[in-house]
Each structure stands twice: as C-alpha cells, then as structure tokens.
Amino acid sequence: MRRQRPTLIAVSTLIAITLTTAAPTPANAAPPEQVTALTAHQADGYTTLAWQPVDGATDYQIERTPVDADNTPTGAPTIVGIWRPNRQINQHAPTFADSGYNPGDTFQWRVRARTGTTEQPYSDPVTATTTAPWGNPTTPGEQLRTGWETTHAAQYTSDTDEYANTAAIDALSDRVRVVELGRTVQNRPINMMVIGHPTPAATPEAVAATSPVAINCNVHGNEPGDREACLIMARQLAFSTDPRITDLLSHTTVLIVPTINGDGRANNTRGNSTGQDLNRDYSLIRQPETTAYITMVRDYRPVAGYDGHEFGNSRAGDLPMLPPRHQNVAQPIFDQSQDMIEGHMYAKGAEAGWWACPYGCEGGGNVGLSEETILRNTLGLKNVTNSLLELRSSGGQTRPDEGNTANNRRRKTYSALWTFHQFLDYHRADRADILKARAEAIETQAANTGRLVFRGSRPIPAHPAPHPGDSPPPIDAPPADLILDNAPCAYKLTDAQYNGARTDGPGGVGTTVAQRIAAHGWKVITIGDDHYVPLNQPERGLIPLLLDTKGVEKLTDGERVYPTLTGRRNGPLTVTGFTCADDATINGPVTVRAGAALVTTATTISGPLTATGAAGILLADSTVNGPVRIATTTDAISIIDATIAGPVDLSGNTTGTDAPVLAGTTIRGPLRCTGNNPAPHNLGIANTVHGPRTTQCAAL
Ligand SMILES: [Zn+2]
C-alpha cells in the first residue's frame, strides 16, 4: 500500500440509500452483551447492517426474517450471515452487507453477538423494504431487464438476451454506443458499450482523451456473476438521472465488455470453444477474443480497469482482489493499483459491509502469480492501474443461507455491482493520481533502465491487523535464471520470425508475430529483412516476455541488440542502419540517413538532429541541445520524456497505422507538425512547449 485512506473519498458512494432505524431504545434497557443501535441501509441488491460492537464478542450472527406489509413473519427466521473480525479493517463499526434475497422484498433483521460459542441476546429488530431492481418499470430504457433479473436469478442471461438487451440500451440511450470489437471463434459478437455523458466521445482517439476506464466481465465462461453486474450497471449508466452518475460520465468514458468469452458462456466452460483459458492468453493473443480486447486497449487507452471472475474458495472473503504483481510492471502502477484496492476498496467495503480481501485470502493456494498472460498483469505491463475481481463462488461459513442457488447468485452479482460502482468513484476521485502514475510509469518504462524479470511477482504484504483476509497470496520471487540484469536496446526478428505462418491459434492457424505486435501497439523498425522492436517504449516490461529467448511463454526467440553508441563522441555523426545510443554524449550534429534508425536512452545530442526518410526515430529520456527535424519517416517515431532546445518539426511522416508519439517532452522553442499520417498524439502525457504549437501538434 502506498498510503492509508482513513477519510471519506469524495461524495457518498452508496447508491439510492434509504435509512431505517429501530425504535429508540432506552439507554439503560439493554444488557451489555446485547447488540444495540442496529441500522439497515438499503442499496442495490444488498442491505448494510451496522451496529454498536459488543465488548468481548467473538463474532456476530445476522438473522433475517421475511415479513409482510403488517410486519408479520411470512417465513422462518434464518441466520444469513456471520460477521468475523477479519472481514473489515476497522473493528469499532461492524457492518455486514446482507444480500441474496429477492430485491424489493421486506424483511426484519436482528443481530446477536457470540462470545465463544455462547449466543448473547438478539438486538431489537429492524424492518425495511429492500430496494427493487434498478429502473422504473414504466420509464423507457429504465424498464429494461435482463433474463437473469426477470427469472429472479434462476437463469443467467443468455447470449441472445444479452445482444437484445445491449441493442435496446444502445437504441434508447444517447449516452451509449455499442462497438463490436471482434468475433469469437464461433462467430459471436464481442460487444463493448462505450458510455459517456451527454454522448460518448466519437472516436477511439477521442475516448482515449477522456482517460477512460474499462471493465471486462466474463473471460471465464463458467464464472458469470460479474457479467450480470455489468449488464445491470450499463443500464444504470445509460438511463440514471442521479447526479453522481451524470457527473461520472461527464468526466470520463466507461467501457464495458459484458462478455469477452461468449462461446465459453454459451457452453458454460472456463475456456473458449477451443479449450483455451483466455486469461492465460492476453500477452500471446493467440485467440480472436483476447486479440479483440488487447486491440481495444491499444486504441481506447483505458487508464484503469477491473477484470471480473469467480473464485471457488469457500474460506475467502466476499471480494478477493489483486493488483498487477509482475515485477516488470512499473512501481507507480503497482502502487496505484494497491491504493485502489487497500486504500479505497477495503475502506469502502468496511462501510458497506462487503469483505474485500487479497486474492487467495485464507488457504487460497498458489494463485495470483506473475503470468503476463493474465489480464491483470498484461494491463499492468500496459501501464493501466487495475485489479482482478473475484466473487467467492459459494456462501461459505459466513453466508450460511446460500445453499439456495438464486440467493448465492444474487449475492455474487450485487457484490460485483458494488465493486464496479466503487471503481468508478475511485477513478473520479483519484483521476489525477492515476494519470500521474501512468505518466511516471510510461516514462520509466521508456527509459529502459533496470533489470528485466521473466517471471516473478512483487510480494503482497499482509494488511495490518485487523485485516481483511487471513493470509495474502504467496511469495512468487523470480528465480535467478529468469532475471536479465543487462537489458538490451531492442530485439531483432528475422522476416521468418516476424511474418512467418503460425500454428498456435484456433484450428492450428495463428496470426503472425507482426500482427500481434501491431495489436499490442509496439513500434517496429524494418531495415532490409530485419525487424527491430526497441525497448524504449511504454510497454518495455512486456516486450521481452514475448521476444526474448528467456521468455517463459514467448512468441519467438528474438536476437538481443545492445547499444553501439555509449560514452562521449565528438564531431558530426551520420547514422546508418540500426543505431542504438545509451548513456551517450554526442557533441556534434546528427544526421539519420534514409532507411536508417536511431534509438536513444539517457543520451545527450549537442547540435541539430536531422532525419529525412528514416525508418525510425525513438528518443526517450534524452536531450537534444538544438533543433530536431524529422521528415518522411516510414516506420516509427517516438519522443518520450525528452528535452529539446527546438524548434521541433515533424512533417510528412507516413508511419502506417502507427501514430507518432510525442509525450512528456519539454521543447524550448516552437513545435510544428504538418502532413503527418497518422497525426501525432501524446499518450495522454502533456508536453511543455515554450514556443507556438501549430497544426497537427496544436493540442499536444
Ligand atoms: Zn476466472
């Protein structure tokens, strides 16, 4: 964790709260062992019960009784919850999110302490009507219901129901645009809802400028609880008039992919139709489903994400979560993700009564490790603050009334809905920190410093007691043979490696390495028959995992290319071929010949830098004490965290589908960009330009 967050963050985050309290009890009436001051707050699909703690209590039992309008019981009282000290970070204000009931029904609750196995007297009862499923049944749009809602969780929403629901939301709400990201192996659409207020930004690039958030709901087809939450939340975001919702959507874009694995959902299998576990494929992107998501991340550039799952450990908390742990993830992204989980979710969970905990929790086994194929880690390596979300599959000991399937399903889905709303609130409140972490991470990665680790996680320290969960996920230190202390400048691929046919996709046919690198959005420089992937890029931590010979799950064995220019050099320099400078000082003008490439880190060039018709120019963490003129480049341009005396002129560069990057750079002179196709962008990291910025660079 980076910092503790004892204080409230921004506005109240419980949804549609109503408060019901018991009749006042004379202060001297209750014995000290009796729970007092029980309250019940209603929210979407759950009730937060809160009470005064009893000295010496070992745990508490939560009893729920269905009642009619006259407060007469219509069923038997049932113990539906067990509160244990390890479920929240503060002990002075116990809360429990009771969930699983049919939303809209009326109940009476009582809570009693136990000391050891001795049951103490029940509290006075509290009676309340729970919140009905979201949306006025007579208001167009709001009235939509999923198959899961209409069957009271007896059935999950089918694929055809989902497509109809999604299309109806799209048709009825100006805030929503449904985009088909791709098709599954069995040709099911992979839809994403792009949601903004009053309308979503028009293009992926325009959405990226809003620092969007992305929620991925159903990568494992047999873990559908999150998907139902995503569909309900999409309807809320599309139609709610709650100022909180319109405020959120006025400040960012919410990207919801309800079902990335439509084939697996339809067949209720973990993997896709080929049996591939898609959450072991996000780096390799052998499958069309993962390719669709990763291409979306490239184009829409979400700054934060959640990935929804279910977890079959009955001893876990309600909501196991985990940040990207891979050691190649930049420290600011790990820290920010931990802040989102431990700083925000643990604190808010203790208010709402949901038990967030580190993935694995108690006796979770060897889970939550460093595979870069897992979306949590892939996104971290793409500088996205993010978390895994697991919904504990069974009720377990703390929710003893979930032998009833519908009760169990409702608790899971509504706990996910709570989490996703909290995620949006966190982004709204901490957006500046998230963007700062992202900028620092991108600049750190592009600087290409520090060791590379091919497998290995950061430790997740136990949260200080009393903590949510009994044990953090296991240590996953990198073994010595999977550490490379001396990172290369680039990987060189032969044409056969780069463009050669693959057999690792569905049906033994795979996309080429070139296509997968393009889907990740990495810059590549081609000189002759050789293809170079420089490491001074934002995804420096991910590139070696796929292209180095040490990669545990790699695409190919690229050749490590080390810098050829280091130290001090005097006089004019003409660059031919692929030239990599690291920790160099070049006193004199630099000219990059047509078809050649210059890649620099920690390098200072004194004199003009001129490139006409170059294959590629990638400068990171470098200084140019003079003008920079880059024209008619063919493959790749990237200038990140540089200082340039200026002027800077980018003109007539035609870099295919890969836009030039100019980010986090200080230019002490004018910046002029004309006739570049595509136009340059700044990855959301503003540049400091002391002179005028013209035409294509006016907004950079
Ligand atoms: Zn899963």
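Mentor: Before we begin, a definition: donors are N, O and S atoms within 2.8 Å of the metal. Please also keep in mind that this is a predicted model.

Trainee: How are the donor residues of the zinc ion spaced in sequence?

Mentor: The spacing is H-x2-E-x85-H.

Trainee: Which atoms are the protein donors, and how far from the zinc ion do they lie?

Mentor: His220 and His309 each donate through ND1, while Glu223 is listed twice through OE. These protein donors lie 2.0 to 2.8 Å from the zinc ion.

Trainee: Why does the arrangement count as irregular?

Mentor: The four donor atoms subtend angles of 52 to 158 degrees around the zinc ion, and that makes the arrangement irregular. For a tetrahedral label, all angles would have to lie between 85 and 135 degrees. Water is not among the atoms, so sites may look incomplete.

Trainee: Is His220 buried or exposed? And what about Glu223, buried or exposed?

Mentor: His220 has a relative accessible area of 2%, so it is buried. Glu223 counts as buried too, because its relative accessibility is 9%.

Trainee: Let us turn to the whole chain. How many helices and strands does it have?

Mentor: The protein chain has 13 helices and 41 strands. Its radius of gyration is 27 Å, close to the 27 Å that the globule rule gives for 700 residues, so the chain is as compact as a globular protein of that length. The C-alpha trace spans about 90 × 50 × 50 Å along its principal axes.

Trainee: What share of the residues is buried?

Mentor: Buried residues account for 61% of the 700. As for contacts between residues at least 6 apart in sequence, 62% join residues at least 24 apart.

Trainee: Which residues touch the most other members of the largest nonpolar core?

Mentor: They are Ile195, Leu237, Ile256, Tyr306, Phe420 and Phe423, in a core of 53 residues. Helix H10, residues 405-446, gives the most to this core, with ten residues. Apart from it lies another core of 32 residues, including Leu565 and Ile667.

Trainee: What is Ile195 in contact with, leaving aside its neighbours within four places in sequence?

Mentor: Its contacts include Arg175, Val176, Leu237, Leu249 and Ile256.

Trainee: Now the strands. Which ones pair with S4?

Mentor: S4 pairs with S7 (residues 106-115) in the antiparallel sense over eight bridges, and Glu63 stands opposite Arg110 in S7. Five bridges join S4 to S5 (residues 78-83), also antiparallel, with Ile82 of S5 as the bridge partner of Gln61. Seven of the eight residues of S4 (residues 59-66) are buried, so this strand is largely enclosed by the rest of the structure.

Trainee: And how do the side chains point along S9?

Mentor: They alternate: Val126 and Ala128 point to one face and are buried, whereas Thr127 and Thr129 point to the other and are not. S9 also pairs with S7 in the antiparallel sense, over four bridges, and Thr127 stands opposite Gln108.

Trainee: One last topic, the backbone. Where are cis peptide bonds found?

Mentor: One joins His197 and Pro198, and Pro198 lies in the loop between strand S11 and helix H3. A cis peptide bond also joins Asn677 and Pro678, with Pro678 in the loop between strands S39 and S40.

Trainee: What is the phi of Ala602?

Mentor: Its phi is positive, about 50 degrees, although Ala602 is not a glycine. Ala602 counts as partly exposed, at 34% relative accessibility.

Conventions: Residues are numbered from 1 along each chain as its sequence is written. This is a predicted model: local features need pLDDT of at least 70, side-chain atom pairs count only at pLDDT 80 or more; totals for chains, interfaces and linings use all residues. Side-chain values use heavy atoms; hydrogens and water are left out. Donors are N, O and S atoms within 2.8 Å of the metal (3.2 Å for Na, K and Ca); water is not among the atoms, so sites may look incomplete. Four donors count as tetrahedral if all angles lie between 85 and 135 degrees; four count as square planar and six as octahedral if opposite donors are over 155 degrees apart and all others between 65 and 115; anything else is irregular. Buried means under 20% relative accessible area, exposed over 50%, partly exposed in between (1.4 Å probe, protein chains only). A nonpolar core is a set of buried Ala, Val, Leu, Ile, Met, Phe, Trp, Tyr and Cys residues joined through side-chain atoms within 4.5 Å. Helices (H or I, at least four residues) and strands (E, at least two) are DSSP runs, numbered from the N terminus. Contact means heavy atoms within 4.5 Å. Two strands pair if DSSP finds at least two bridges between them. The radius of gyration is taken over C-alpha atoms; the globule rule is 2.2 Å times the number of residues to the power 0.38.
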